[in-house]
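Colleague: Could you take me through one part of this protein up close? I'd like to hear about the open sheet, with a bit of context around it.

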Amino acid sequence: MAIVARRHCGHGDKWQMKILSPESAEPPSRGDAAHTNIPFQIEISLSTAPGMPLPLEPLPRVAHAPRFPIGAQTRAFARKYFADATPVEWDDWRWQFRKRIRTMAELERLFVLSDDEREAILRHKGSLPVGITPYYASLMSRHDPDDPLRRTHIPVGTEYLKTPGEADDPLGEDHDAAVPGLVHRYPDRVLFLVTGTCSTYCRYCTRSRMVGNAGGEYTFSKSQWEKALAYIEAHTEIRDVLLSGGDPLTLADEPLEYLLTRLRAIKHVEFLRIGTKVPVVLPMRITKNLTRILKKMHPLWMSIHFTHPTELTKEVTESTARLADAGIPLGSQTVLLKGINDEVETMKSLYHGLLMRRVKPYYLYQCDPITGSSHFRTPVEKGLEIIEGLRGHTTGYAVPHYVIDAPGGGGKIPVVPDYLVGRDGEDVVLRNFEGNTYRYKDPGGTVGADRQPKARKGKATV
Ligand code: SF4
């Protein structure tokens, strides 16, 4: 029996009615065979230079909408600010990409900007432009400039303040580039920067020097890809390739499939990884066709950039489900940001939500000292406090590695709370998450010998 779901709105019938068959009560990722042949006619040719805006054509009208769930807040936002968009358009990643909010006029239409934000936007030039998908904008507060997601995407004046220790390329990636766009720092793995384009631009981006500026110093092109591929082919010690950028999933299906297929054909490359924020900010990009392509490239892993529990919407439940159902192991990467996600309860809520969506919290990054990022950076104690507030207090899978990416190219260094109290003869003295001390018999060992076990708060246990 068909169920009629009403979408209350005042814009004709575009957002008003949707017929749900019994099978559509299931998310589309669960065996929705009737909709697997959704026509996606627009193909981006390989001559499209990665990093350049995609030459998108007007969308064709399709008989069956590529159904993606839509949250109540997002639906209300779409009706109010994108009244002309059909549900099919709203669900189409190319439409979302093309309609990104990039200008002052568009921002002023959606947000009540503070003077600080307005001045910072007017002052901006060069890389790291403003860019927000309509979907992601729907999750932000219209009035509150302190809204967590809004703070991560709308510039403020402190972005132009350079403080000691900050640099445009603090991790020294350019120094370790074997060929343009390919960072070869560790012997067995490379970082392949495949595009300078993102669907949204995070104000704390480690690669703010190179993203979103098609005519800037950093260029991305197919000939550059070929040089990087030739380098990987020639270096048999490379077993792991991480695709990043920019965001690799902003590439159209055809060039992405080409690139992954070329990498897969290299015998010594065992393992591919993609670093992306697209499943969070442009979830409708995770189409059936994309997952079909990705599924052919196993072993393929994915690191998804999450920031805040607000991002855990119905849409993200669907995008992560589609990826997980395609057999892709999913891990999260989160940057610790002052006043945005630097509370234990915020992180716990995010990590619990991720586990529910089959995403393993993987890295919690101390914010890199990018030029103009002082307003985002917390003391390192904050990160330790969060890890300590999670370890033992919740599921072990929900505890990420807290790391500092060492300025100057030292790589990721784990920073962990200290649970080693000291040594007493043959015993290693440890404390648990509640502060109680415990002994572990360790004859012949020396761990902790350089420390005297001190009385600590909590119960001593023999
Ligand atoms: S999505 Fe990633 S690469 Fe793009 S701006 Fe954000 S942090 Fe930078």
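**The open sheet and its edge**

Modeller: Sure, starting with the whole protein: buried residues make up 37% of its 462 residues, where buried means that 20 or more other C-beta atoms, placed from the backbone, lie within 10 Å of the residue's own. Keep in mind that this is a predicted model, where local features need pLDDT of at least 70, side-chain atom pairs count only at pLDDT 80 or more, and totals for chains, interfaces and linings use all residues. Numbering starts from 1 along each chain as its sequence is written.

The protein has 14 helices and 15 strands; these are DSSP runs numbered from the N terminus, H or I of at least four residues for helices and E of at least two for strands. Now to your sheet: 10 strands make it up, in the order E3-E4-E5-E6-E7-E8-E9-E10-E11-E12, with mixed pairing. Two strands pair if DSSP finds at least two bridges between them. At the edges sit E3 (177-179) and E12 (411-414), each pairing on one side only. From one strand to the next, the twist averages 30°.

Let's zoom in on the E3 edge. E3 and E4 (residues 182-186) run antiparallel and are joined by two bridges; Ala177 has Val183 in E4 as its bridge partner. Helix H8 (residues 222-234) lies across E3, E4, E5 (189-193) and E6 (240-244), and runs at about 100° to E3. That angle is taken between N-to-C directions, from 0 to 180 degrees, using axes fitted to C-alpha atoms, for helices over the stretch in contact; contact means C-beta atoms, placed from the backbone, within 7 Å.

Methods
Buried ≥ 20, exposed ≤ 12 C-beta atoms within 10 Å, placed from the backbone. Contact = placed C-beta atoms within 7 Å.
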